[in-house]
Amino acid sequence: MSNESTSSKQSPAGKTGEAQLERTLGLTEALMIGVGTMVGAGIFVLPGSAADVAGPAVALSFIAGGVIAIFTALSASELATAMPQAGGGYHFINKGLGPLYGSIAGIGNWIGLAFATAFYVIGFGSYIGLLLEAVVELAPLTLGPLTLSVAQIGGFLGGLLFIAVNYLSTESTGKLQNIIVIGLLGILAIFIVLGALEADVETLRPFAPEGWGALLPGTALVFVSYLGFVQITTVAGEIKEPSKNLPRALIGSVVLVTVLYAIVMVIILGVVDRSAIAGSETAVADVGGVLFGSFFSVAGLGVGLLTFAGLLATASSANASILSASRINYAMGRDRLFPAYFNAVHPRFKTPHRAIALTGGFILAFVLIGDVATLARAASVMHLVVYGLLNVALIMFRKAPGVRYAPTYTVPAYPWVPLAGAVTSFGLIAFMELIEILLGLALILVSIGWYVLYVRPRVTDRSALARYRDPASVEVEATTDAGDGTEGDATP
C-alpha cells in the first residue's frame, strides 16, 4: 500500500498540474461530517409531521430508513477504500457506469446539496432570530425588489461564514464540525436522560394508530434525515488512512444516528401525546420545555437550550454540506465532466477554492429566493437515485473483466447487499410526494442535457460498464491502488 501522507502531492502527468488536496481529516472529523449532516431535520423539524403519519410506530420508520442507509453505507465503504478520492458517490458512479450516469449523479447530487444547504442556513437564520428576539427587535430588510426575512438575513450571513471557513481550511472545517456536533450530542443526551425519567409507556399506546401500512410512507418522509452519510466519501481524498477510517466513519455514523433518532422519537411520544406536537416544527424544543418545567420548574430554560441545539444542528448540516457539495464540483472538473477551471486547489489553503466559491454562490442565491423547503425535499429524491446507482456501480466493478479493482474492505453477503441497496433506494422514491419526484426528474433531464451538449464531445467512456459491454473495445481507466489515495489514471 502506498504512503498516505497528509502533505500535498503533484497531480499525475497529463492532469492540470494542480496540487492535490491534503489528507487532514481523521476518523473523528469524518464521523462528525456524517453525523453532523444527518442530525438536523430528522431531530429538530420532522418529529411532529412524522408522528402525524405513523404515530409512535414512526420510530420503526426511522429504523427502516437506517437499514436502507446501511446497505448503501456498506457498498460505499467498499468503493471508497478502492477509490479514496474527492467526489464520493459521483466518482464511483462515473468510473463504474460511465459519464452519462456520472453527469446525473454529479449534477444532481451537487445541486441537490446546494438546495439542502440553503434550507439549512435559512433554518440557522431562524434560530438566530429566535435567540436575538429576546434582546433586540428584528424586522425584515428591503433591498430594491427584494424583501428579506429575518431568517434569510441570518441565513445569508451564516452562509457567508460557513463558505469562508470551507474556503480557508479543510482542517478548520473539520475542527468546527467536531465542536458543533459534540455540543449538539451533549444537549441531546441531556434531553434523552430527562425524557427517559419522565416518559410513560401508556402514552405510546396505540403504537401504530394509523396501521402498519403507514410505516413506509413514514420512512419516505424521514429518509431526508439520512442524506449525510455518503457525503463522507466526497472528502475521501482528504481523509487520513482511508482504508480504515472510511468504513468506520460511514457505517458508524449511520448506526449512531439511527439509534439516536429512534430513541428521541420514543422519548418525545412517551412524554406528550402526538396530538400535542401535530404539525409542529419545534417538537423537540416544545418537549424540552415540558421536561425542564417538570424537573427544574424552568420551562424557558429547556426551550432555550433546545433552540440552541437547533442552531447547532442547522449549522453542522450547512457546514458539512458545503464541504461535500464543493468536492463533487471539484471532482467533476478533475474528470472533465465540468470545466477544468474548477479543478484547482488553492496553493496556500489547499482547498478547492473555485469549486467552493461557485457552490457558495448558488447557495446564497437560493437563500435570497427564500422558499427552498420543496427544493430541499427534492434533493432527497436525487440522493436516492445516487444511492441506487452507487450500488449498481459496485456490482459492475465486480463483474466487468480486466478492471483493476482492489478494495481493502469488501461488503458482506455479496451480491445481496448491493442488490438490496439498489432496490430499496429506488423503491423508496415511489413513496415520495409527486412534486418532489417531478423536481428530481427535472434535475435528471438537466443532467442528461449537460452530458449531451458538454460532456460527450470531450470524454471517452472508459467505465467498468463499457468494458462489460464490450471487453475488446475500450481500455478501462482503472481505479487506484487500494487505499493509496492517488488520483491518477492507471491501466488495467
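The exercises below, each with a worked solution, concern the predicted model shown above.

Residues are numbered from 1 along each chain as its sequence is written. In this predicted model, local features need pLDDT of at least 70 and side-chain atom pairs count only at pLDDT 80 or more, while totals for chains, interfaces and linings use all residues, and side-chain values use heavy atoms, with hydrogens and water left out.

**Exercise 1. Overall make-up**

Establish how many helices and strands the protein chain has, and what percentage of its residues count as buried.

Step 1. The protein chain has 17 helices and two strands, where helices (H or I, at least four residues) and strands (E, at least two) are DSSP runs numbered from the N terminus.

Step 2. Of its 492 residues, 58% count as buried; buried means under 20% relative accessible area, exposed over 50%, and partly exposed in between, with a 1.4 Å probe and protein chains only.

Step 3. Among contacts with a separation of 6 or more, 81% are between residues 24 or more positions apart, a contact being heavy atoms within 4.5 Å.

**Exercise 2. The largest nonpolar core**

Identify which residues touch the most other members of the largest nonpolar core, and which helix gives the largest share of it.

Step 1. The core holds 138 residues, and Phe44, Phe191 and Phe229 touch the most other members; such a core is a set of buried Ala, Val, Leu, Ile, Met, Phe, Trp, Tyr and Cys residues joined through side-chain atoms within 4.5 Å.

Step 2. Helix H6 (residues 99-132) supplies the largest share of this core, 15 residues.

Step 3. Once neighbours within four places in sequence are set aside, the contacts of Phe191 include Val264, Ile268, Val287 and Leu306.

Step 4. Thr117 also lies in helix H6 and is buried, with a relative accessible area of 0%; apart from neighbours within four places in sequence, Thr117 is in contact with Ala318, Ser321, Ile322 and Ile363.

**Exercise 3. An aromatic pair across the sequence**

Describe the geometry of the aromatic pair formed by Phe338 and Trp450, and explain which parts of the chain the pair ties together.

Step 1. The whole structure contains 17 aromatic pairs, in which rings of Phe, Tyr and Trp (its six-membered ring) have centres within 6.5 Å, planes under 30 degrees apart counting as stacked, over 60 as edge-to-face and the rest as tilted.

Step 2. Phe338 and Trp450 form a tilted pair, 5.6 Å centre to centre and with 40° between the planes.

Step 3. Because Phe338 lies in the loop between helix H12 (299-334) and helix H13 (353-369) and Trp450 in helix H16, the pair ties together parts that are 112 residues apart in sequence.

Step 4. Phe338 is buried at 9% relative accessible area, whereas Trp450 is partly exposed at 27%; both belong to one aromatic cluster, whose members include Trp110, Phe362 and Tyr454.

**Exercise 4. Salt bridges**

State which parts of the chain are linked by the salt bridge of Glu78 and Arg398, and whether each residue is buried or partly exposed.

Step 1. The structure holds four salt bridges, each being a side-chain nitrogen of Lys or Arg within 4 Å of a carboxyl oxygen of Asp or Glu.

Step 2. The side chains of Glu78 and Arg398 meet at 2.9 Å, N to O, and the pair links helix H4 with helix H14 (residues 373-399), 320 residues apart.

Step 3. Glu78 is buried, with a relative accessible area of 0%, whereas Arg398 is partly exposed at 31%.
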